[in-house]
Amino acid sequence: MPARNEAALLPRLLTGLAAQERSGAFVLCLLLDGCTDESERVVTAYRAIVPYAIVTRHIAADATPNAGRARAAAMALGLETVGADGILLSTDADTVPAPDWVATNLAALDIADVAVGLIVRSGGMPSPVQDRIEAYYDGLARLRRLLDPIPWEGARPHHYTSAASLACSAQTYAALGGFDAVPAGEDGRLVDTAHRLGMRVRRDGTIRVETSTRREGRALGGLAGHLRDMDRTAGASARMAHPDDVAWRYARHALARAGWPMLDTTAESLAAALHRPVADILAVASAAPNAESFAMQVVPDIPGGERLVNLTTAEAALSALLLRHAGADA
């Protein structure tokens with residue numbers, strides 16, 4: 001876990017980790033990212049009273065924070081600590097894990113290669129527009145699994161790909177190439193890579209952390225800045241792909257999975273459905289290790305590109321799609 005000047009919030013995290021149930025022994029690997037506050041003093045005080053070991057490392061302060069670089073450095077510390085056969089769980093310094101967070105992550109990794117938890121915003125000033133946006137994307141996650149079910153997905157899928165709750169084995173992390181040193185979005189890139197490599201990514205609503213709703217964050221392009229923008233525009237700046245266009249892609253992921261085992265007979269029909277030449281279909285298939293990898297790589301965006309619509313339009317269209325595909329239970 002990286003931390004940059006989080007002395008005020010670290011006690012919540014450290015206490016939450018101390019309250020873990022059925023977790024077994026674990027080590028907190030804490031990367032102090034150019035901290036100039038009392039973060040180290042806080043950690044030193046807690047080290048003597050929490051039931052887990054704490055390993056720390058410092059990196060020098062940088063004028064421009066880089067979330068990806070800090071996250072990668074934290075994970076490197078984790079790899080050194082647990083070794084090649086260990087398990088890595090990532091979170092943030094402003095989160096509070098549920099009491100079963102470690103246990104539910106480990107259970108998910110019995111089923112999948114990567115486990116992504118649910119992020120619950122708590123405390124601070126509410127953001128009704130962000131609540132609607134997150135509910136909308138969770139609805140898209142349900143629609144995705146109605147159209148393209150996979151056996152390793154959680155019973156309560158969600159849309160998050162956040163390193164605030166992300167778990168995998170050390171071997172999986174190495175195969176993914178680690179977090180990119182980018183100012184923001186390093187977690188989404190890692191999960192996208194897992195999909196392209198054909199790994200089983202489980203978005204599991206039983207894995208939960210609470211995160212701060214502060215408006216002054218530490219990462220460029222992070223949640224705090226997004227919440228400020230939603231406050232300022234009352235959501236008018238929010239634009240999302242039309243759900244019908246997203247559903248087009250999800251349905252074709254399912255077609256690609258189904259066609260993978262018998263491409264000698266399905267390549268032509270799949271090429272017609274994807275608006276791609278048969279040669280392209282076969283080229284992607286030749287490099288894909290499994291159906292997951294093939295489906296994630298072979299399906300393009302909808303011809304003509306996805307339409308961007310406002311939140312109200314997107315919500316109405318998604319509601320209609322869920323009713324159509326799931327019936328009254330949606």
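**Exercise 1. The main core**

Task: In this predicted model, find which residues have the most contacts inside the largest nonpolar core, and which helices and strands supply that core.

Solution:
- Start with the core itself. It has 28 residues, and those with the most contacts inside it are Met-1, Leu-10, Leu-14, Leu-28, Leu-30, Tyr-52 and Ile-54.
- Next, look at who contributes. At least two core residues come from each of α1 (10-18), β2 (27-33), α2 (39-47), α4 (101-109), β6 (114-122) and β8 (201-212).
- Now zoom in on Met-1. Skipping neighbours within four places in sequence, Met-1 contacts Leu-10, Leu-13, Leu-28, Cys-29, Leu-30, Leu-31, Ala-74, Thr-91, Asp-92 and Ala-93.
- Don't stop at one core, though. A second, separate core holds 18 residues, including Leu-140, Leu-143, Ala-241 and Tyr-250.
- As background, nonpolar side chains in soluble globular proteins tend to be buried together.

**Exercise 2. A three-stranded sheet**

Task: Work out the strand order of the open sheet of 3 strands, then explain why β1 and β3 each have one side without a neighbour.

Solution:
- The order is β1-β2-β3, and the pairing is parallel.
- β1 (2-3) and β3 (53-59) stand at the edges with a single partner strand each, so one side of each has no neighbour in the sheet.
- Check the β2 and β3 pairing: these strands run parallel over 7 bridges. Take Leu-28 as a handle; its bridge partner in β3 is Ile-54. Both residues also turned up among those with the most contacts in the largest core.
- Finally, add the helix. α3 (residues 67-82) packs on this sheet and touches β1, β2 and β3, with its direction at about 145° to that of β2.

**Exercise 3. Is Glu-186 buried or exposed?**

Task: Place Glu-186 in its helix, judge its accessibility and list what it touches.

Solution:
- Glu-186 sits in helix α7 (residues 186-196).
- Its relative accessibility is 5%, and buried means under 20%, so Glu-186 counts as buried.
- Leaving out residues up to four places away in sequence, Glu-186 touches Ala-67, Gly-68, Arg-71, Phe-179 and Asp-180.

**Exercise 4. Two aromatic pairs**

Task: The structure holds 4 aromatic pairs. Classify the Phe-26 and Tyr-52 pair, then do the same for Trp-260 and Phe-294.

Solution:
- For Phe-26 and Tyr-52, the ring centres are 5.1 Å apart and the planes meet at 25°, so call this pair stacked.
- Phe-26 is in the loop between α1 and β2, while Tyr-52 is in the loop between α2 and β3, so the pair ties together parts 26 residues apart in sequence. Tyr-52 is buried, at 5% relative accessible area.
- For Trp-260 and Phe-294, you get 5.4 Å centre to centre and 40° between the planes, which makes the pair tilted.
- This pair links parts 34 residues apart: Trp-260 is in the loop between α9 (243-259) and α10 (263-274), and Phe-294 is in helix α12 (residues 291-298).
- Trp-260 is partly exposed at 24%, whereas Phe-294 is buried at 0%.

**Exercise 5. Cysteines without a bond**

Task: Explain why Cys-35 and Cys-168 are not bonded to Cys-29.

Solution:
- A disulfide is a covalent bond between the sulfur atoms of two cysteines. A pair needs its sulfurs within 2.5 Å.
- For Cys-35, the closest cysteine sulfur is in Cys-29, 16 Å away, so that is too far for a bond.
- For Cys-168, the closest cysteine sulfur is again in Cys-29, at 13 Å, which is too far as well.
- Accessibility: Cys-35 is partly exposed at 25%, whereas Cys-168 is buried at 5%.
- The final tally for the structure is 0 disulfides.

Technical notes:
Residues numbered from 1 in each chain as written. Predicted model: local features only at pLDDT ≥ 70, side-chain atom pairs only at ≥ 80, totals over all residues. Heavy atoms only, no water. Core = buried A, V, L, I, M, F, W, Y, C linked by side-chain atoms within 4.5 Å. Buried < 20%, exposed > 50% of the residue type's maximum accessible area, 1.4 Å probe, protein only. Helix = DSSP H or I, 4+ residues; strand = E, 2+ residues; numbered from the N terminus. Contact = heavy atoms within 4.5 Å. Pairing = 2+ DSSP bridges. Axes fitted to C-alpha atoms, helices over the stretch in contact; angles between N-to-C directions. Phe/Tyr/Trp six-rings, centres within 6.5 Å; stacked < 30°, edge-to-face > 60°.
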